[in-house]
Amino acid sequence: MHKKGLIGGIALLALSAVGGGLATASPERDVMVPAEPTMIDFVDPATVSGLVTRTLGDDVRGHASRHVHITYPELPDAPRLNKALRDESERTLRRFRFLTRFDALRPRPELNVDWQFAAVSGDIVGVRLRTGESLGAGWGNSTRTLWYDRRTGKATGSAGLLSGQAALRDLTRLVRDRLAKRGSPTDPGRLNGDRLDSMAFNQGGDLVVEFDDCQVGPCSLGRLAVAVPARQADPLLSPTGRRAQEVVREAARQAAPTMPRMVPSSSPEAVSNRAGSVDCAKAKCVALTFDGGPGPDTPRLLDMLHQAGARATFFTVGTSAAARPDLLLRMSVEGHLVANLSWAHLDLSKLPTSKIADSLRRTQDTISAATGERPTLMRAPYGAVDQDVTDVAGDMGLAIVGRNVDSGDKYAKDAKAIADRVTGQAGAGAIVLMHDVRAATVDAVPDILKKLQGKGYTLVTVPELYGTAGMEAGQLYRSGSEIARHRPLT
């Protein structure tokens, strides 16, 4: 699915949609061919108070061949919006499971959903969900935008921006007219009101309507967008729609014309501020690693680690990291290591090298902007490492971290089972895979820390396992016991 660049690491995000323009169908960029361009400015999630990111994966045993990563935002004062986003995410996952219910599907199917804020204010919140789906032959991309009116307490789809069915019919006619005039091979006759499920406003108040791949034209066109001028859209809007339109206009009026915040090009390499306090050639060391966050339970996990005097390595997803730079900074300050899990948790081995590099680089920039340090470690989503991933990682100065102990928390929902699996398998030099986006995993951590420390293990970050030998960019490391297989750095 389409991904967009990050301006200044964690600055305001913007997508160039177009009035009837074209988009290339791919899983990692929002690149539109300009034609009557409009701009939808997305709110920097780091500015939204109380925000947490929820993550769903595929936890059905026997279907490890499916790759699933779904994220959506949760706000403390918007329970109905939270439920609507959760319901939509779960519906998308159920549909994908149905389509991929036969194990014989090859190559491995993948579902990826991420999100952006179309608007956030004391009155209105708009969340745009972006879905990419691969069933083996390319990607299909779709968008759906949900709106929440704090005054009414109601969460709706994009049709809630309109005053009713008559307004929806009128808007459908306006959009058909604009598609008919654009001169590209679209079929406006395929358009009906049910397909207007992703709508937002640009800075001038024009209503931007997005379409999914193959929805109103050949799949080769990719995604389309039509901008309906405000003078035509205004009579069709509901009170919720008018408030949403004004929120976006007001944000544009208040936006100061500043230069993008750029990540320093000379950020120092990331290391734990407690590195060197233990010699893992003499002590029994274990590296706990946590993937996928930051998530709702990450602050609680950090409290646990701090209380136990334990260090860990956090492999963060760029889209979630951009929403909580405060947690990344806390990780770094408290002696942990923040590392790279790519921008949106896509299977990197399916991407060309330029897009692998783009996914890793944007995450590098996000982490560097938050912590002031440049990561030197990455982990490939789903453990999918091929020669291209290895080459790009090497070029970018990133060592690749695997694991030799899997907590099994992808499927296990019982904290005791997770703790027993980790403490039963971990030995000196172990790299343990866990996920801080799973509540049961965080619940298991106190027992894990107590048992491992009770056996004399010291919990350290991954590079500390390798001591003075260091870790080489482009090399894959599965455990500290592999140190003899890697030549020391010179």
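Start with residues 110-120 and 124-134 of this predicted model. These are strands β7 and β8, which run antiparallel and are joined by 10 bridges. For one pairing to zoom in on, pick Glu110: its bridge partner in β8 is Ser134.

Now widen the selection to the whole sheet. β7 and β8 sit within an open sheet of 6 strands, ordered β5-β6-β7-β8-β9-β10, and the pairing is mixed. Color the two edge strands, β5 (52-56) and β10 (154-156), and you'll see that each pairs on one side only. Going from one strand to the next, the twist averages 20°.

Next, show residues 79-99. That's helix α1, and it packs on the sheet, touching β5, β6 (67-74), β7, β8, β9 (139-149) and β10. Line up α1 with β6 and compare their directions: the angle is about 170°.

Time to leave the sheet and look for enclosed space. Rolling a probe the size of a water molecule over the atoms shows where empty space is left. Here the count is 3 cavities of 30 Å³ or more.

Which residues line the second largest cavity? Select Ala270, Val271, Ser332, His336, Leu337, Val338, Ile367, Thr371 and Glu373. The space inside that cavity is about 50 Å³. To see where the wall comes from, turn on the cartoon for β16 (337-340) and α8 (353-371), each of which supplies at least two lining residues. Then color the lining by chemistry: you get 5 nonpolar residues, 3 polar and 1 charged.

Technical notes:
Residues numbered from 1 in each chain as written. Predicted model: local features only at pLDDT ≥ 70, side-chain atom pairs only at ≥ 80, totals over all residues. Heavy atoms only, no water. 1 Å grid on protein atoms, 1.4 Å probe; cavity = no way out; pocket = protein on both sides within 12 Å on 5 of 7 lines; lining within 4 Å. Points joined across faces, edges and corners; volume = space filled by probe spheres on them. Helix = DSSP H or I, 4+ residues; strand = E, 2+ residues; numbered from the N terminus. Nonpolar A, V, L, I, M, F, W, Y, C, P; charged D, E, K, R; others polar. Pairing = 2+ DSSP bridges. Axes fitted to C-alpha atoms, helices over the stretch in contact; angles between N-to-C directions. Contact = heavy atoms within 4.5 Å.
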